[in-house]
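Thanks for making the time this morning. I would like to walk you through one model, taking the nucleic acid side of it before turning to a single residue.

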2 protein chains.
Amino acid sequence: MDVDARKLRILQAIVDDYILSNTPVGSRTLSKTCGLGVSSATIRNEMADLTEMGYLVQPHVSAGRVPSPKAYRLYVTSLLPQGMGEEELSGARRAFNTRVRDMETLISQGAAAISDLTHYTALVLTPRQSDLKVRSLHLVPVGGDRALLVIVTDSGVIRDTSIRISSRLDAGALYTIGQMLTQRIQGMTLRQLREALYGYAATQDADARVLGGIADLAAQVEKQTESDRVMVGGAHNILYYPEYADVSRARAFMNAIDDADSLIALLRSQDSGISVRIGQETGIPAFADCSVITAPYRIGRGHTGAIAIIGPTRMPYARMLDMMRMFSQELTQTLSVKE
Amino acid sequence: MDVDARKLRILQAIVDDYILSNTPVGSRTLSKTCGLGVSSATIRNEMADLTEMGYLVQPHVSAGRVPSPKAYRLYVTSLLPQGMGEEELSGARRAFNTRVRDMETLISQGAAAISDLTHYTALVLTPRQSDLKVRSLHLVPVGGDRALLVIVTDSGVIRDTSIRISSRLDAGALYTIGQMLTQRIQGMTLRQLREALYGYAATQDADARVLGGIADLAAQVEKQTESDRVMVGGAHNILYYPEYADVSRARAFMNAIDDADSLIALLRSQDSGISVRIGQETGIPAFADCSVITAPYRIGRGHTGAIAIIGPTRMPYARMLDMMRMFSQELTQTLSVKE
DNA sequence: TGTTAGCACTCGCTTGCATTGAGTGCTAAC
DNA sequence: GTTAGCACTCAATGCAAGCGAGTGCTAACA
C-alpha cells in the first residue's frame, strides 16, 4: 500500500491535532479541520489504511487514532509545518542572550534558560575539553595546604579546581611556579598536559617537584577534562504535561534525569547536526514516551558541546527545532567571539 | 482540661503511627500498639478530649484521627522518641563526609548529599560573606578582555568571578596589580572592600585606575557578597510521598522551591540553633503542609550559612533532627579545619 | 470515679450496573 | 472513489447498594 499525498496530509493533521489536544483524534473532527473537503467516512477509510501501515494506533476500538512513533518520525522527517515566525524567534533570541553571555553563565544558567524558554526539560553538555590547547596555568594560594589551580585554554575556558600542595608556598612562589609551568606546557592539549604531569610526577623532575601535590594535580586535570559534565534545567517542567499526571511516571522520569552518565551518552551519541530522537530511539527506557531534540554547539574550531530538550513525544517539533537551531547558533557565536 | 501523662503518651503514639502509615489512626489499633494496656473505648475518650483541645483532627466523622500542626509542635518540643542509634548515625556521617570535603563541594554537592541521605528536599544557604576578612586578591588573565578575579578570605573561602578589564594586560601586570591591591585591602571585610573599590573608582586613584573595570569589579564583589545563594537538592524526592501524589500539588511545591528569594528568607529567619517549623510556621503558603528543619553551620568564627530539609509535616522528626544536627557539626568542623 | 463492653450510627470506599456518547467498521447507494 | 446510514464497541460517567473501619453514647462494672 502506498502513502499518497492525501494520506500524508491526513497524517500531518492528526499529529498536529494530537500535539495540541493530547486526545485521540477522530474522523469527524478531522474532516472539518484538515481542509481536504472530504467526509468523515473517507477519512475513516484512509485512517484504517494508516493504522494498518503502523502510523496510527487505536487505544481501543471505539476511540480515535493516536500517532505512533513511526508517524512522528515521518512527521519530523518530511511533514514539518511552518516553524516559528521570525519576529517570535528573535524575541526568544533576545531572551536567551540576556541570560547566556559567556561560558560561565552557559554552564550555570544555560540549562535553566533553555528550559524556561521551551517549557521542556533542558540539558547542557559541557564541551569535551581534552582537545583544547592550554594557554596558561596559574596557581593561587587559598590558605592552608590548598591552592586554586586555574587552567586557561584556547577558547578562554577556565578549568579551576582546588588542589592540595605539600607545603606552605606563598603567593610569589606559586606565581613563579605557575609561570614556569606555563612556559613548559603552553600549546599542549589538555590531554597532553595530563600525560606530561604524570610524567613529571614519575621522573621527579626538579622543577615540578616543588609541587608536592603534582599527582593530585594531574588527577584533577584528568577528572576535569575527561568527564563531561551535564547540567539539567527545568526537570519539573515535565509535571505540566498530562502524560505525567501519574506521579510514578514522573518519578521514573526524574530518576532517569538524575543518571548523568546515560544523559552524557545520549548527548554524545548525536551526529554533527541537530537531531530528533523519538521514543525508543533515545535508547533510554524511561524516555520511551519522550522525544529528545539535540543540537551541538562549538567552541572555537574544535567541537563541541551539546544542548538538548526532552519532552513528551507529542511535541511541537517545528517550533522546537527552530528554537534549538537558534540556541545552537547563538551559543556558538557567543562563545567564539570571546576568543 | 489538662494534658496529663496518658494523653501525652497517646498523642505520641498517634503521631508515631501516622508518620509511618500516613492513614488516620483509630482507637482499636492504638489500644494495641501504645502499650498502655487500656481498651479502645478508653482511648476513644482520651482521643475525644485531645480532639477538643485541638491536637487531633478528624478527616470525617467515621475516620481515625490525624495529628494537627499543634500536635506536631508539641511532639517536636517535648515528645521526641529515641533518635538514631550512634552506629547508624556514624554511618550517615561517613557517607556525608565522603561527599562534602570543602566549601567548594559543599556548594556544588552539599544539597545533593543531604537530600540523598534524608530522602527529603535539601537546601544549602551559602554563608553571608560580607563579614569575612580579605586575605588576598588575585587576577588571572583568561583571554580577550576578561580576567578571573579570585578573592581569598579569612576562612579560605574563595569568591571567583570573571570580570572585564579594559586593555590587554598580561599575566605579569595582573599579578603586580593583584599584589598591590592585596597590600591595600588585606584585613578588610568584604563589605569594606566593596566600598573601598567604589571609592577608588570615584577618586580615580592612580594605582587603581590601571584596572579599567574597577567599577565592574566592585559591582561583582557586591553581587557576590550581598546576595546569598541557595542550592536545592533532591526537589523531586517529594514525589515519593503520597501527600504529593496529586501532580498539581507537586507542581506548587516545585514552584515554591524555584523561588530562591523566599527560600533565602526562610533560611535567614532562623534563630541561632537548629529549628523546626511546622506548616504555617514556615510562612510560605506552598509549604503549608510541610515542615522545615533548619540548622546553621559556621565558617571560622563569624556565622553563618544554613542547611535545611523540607518534607511533609508527617516526618520522623527525631531521626531528622539527629541528622541535621550531625550535618551542621560536620560542616562547621570541616570548614573551620580548613583555616 | 475511671474503665470497659456493647450497640447504633456515620460515611468514605468499593463494587456492580445502566447510561451516554464519541467513534468505528461495514454496507449500500450515489 | 465518495458518501450517508446504521449497528456496534467501549471508556467514561453517574448512581445505588453494601461493606467496614471507626466513632459517640450508654450502661454495667471494678
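Let me start where a base oxygen of DNA strand C sits 3.4 Å from an N or O atom in the side chain of Arg44(B). Please keep in mind throughout that this is a predicted model. In chain A, a polar side-chain atom of Arg44(A) lies 3.2 Å from a base nitrogen of DNA strand C, while a polar backbone atom of Ala63(A) is 3.5 Å from a sugar or linking oxygen of that strand. Two elements give two or more residues to the surface near DNA strand C, namely helix H3 (40-52) of chain A and helix H3 (40-52) of chain B, and of the elements it is H3(B) that gives the most, with four residues.

Taking the surroundings as a whole, DNA strand C has 21 residues around it, and the closest are Ser27(A), Arg6(B), Thr42(B), Val61(B) and Ser62(B). By character, the residues of this surface divide into 11 polar, six nonpolar and four charged. On the DNA side, sugar or phosphate accounts for 78% of the strand C atoms within 4 Å of the protein, and bases for the rest.

Now to the single residue, Ser136(B), which is placed in strand S4 (residues 134-141) of chain B. Is Ser136(B) buried or exposed? Its relative accessibility is 11%, and because buried means under 20%, Ser136(B) counts as buried. Its side chain makes a polar contact of 2.9 Å with the side chain of His138(B). Beyond its neighbours within four places in sequence, Ser136(B) is in contact with Val150(B), Ile151(B), Val152(B) and Thr182(B), and also with Pro141(A).

Terms used:
Residues numbered from 1 in each chain as written. Chains lettered and ligands numbered in written order. Predicted model: local features only at pLDDT ≥ 70, side-chain atom pairs only at ≥ 80, totals over all residues. Heavy atoms only, no water. Buried < 20%, exposed > 50% of the residue type's maximum accessible area, 1.4 Å probe, protein only. Polar contact = N/O pair within 3.5 Å; in protein donor to acceptor, adjacent residues only side chain to side chain. Contact = heavy atoms within 4.5 Å. Near = heavy atom within 4 Å. Nonpolar A, V, L, I, M, F, W, Y, C, P; charged D, E, K, R; others polar.
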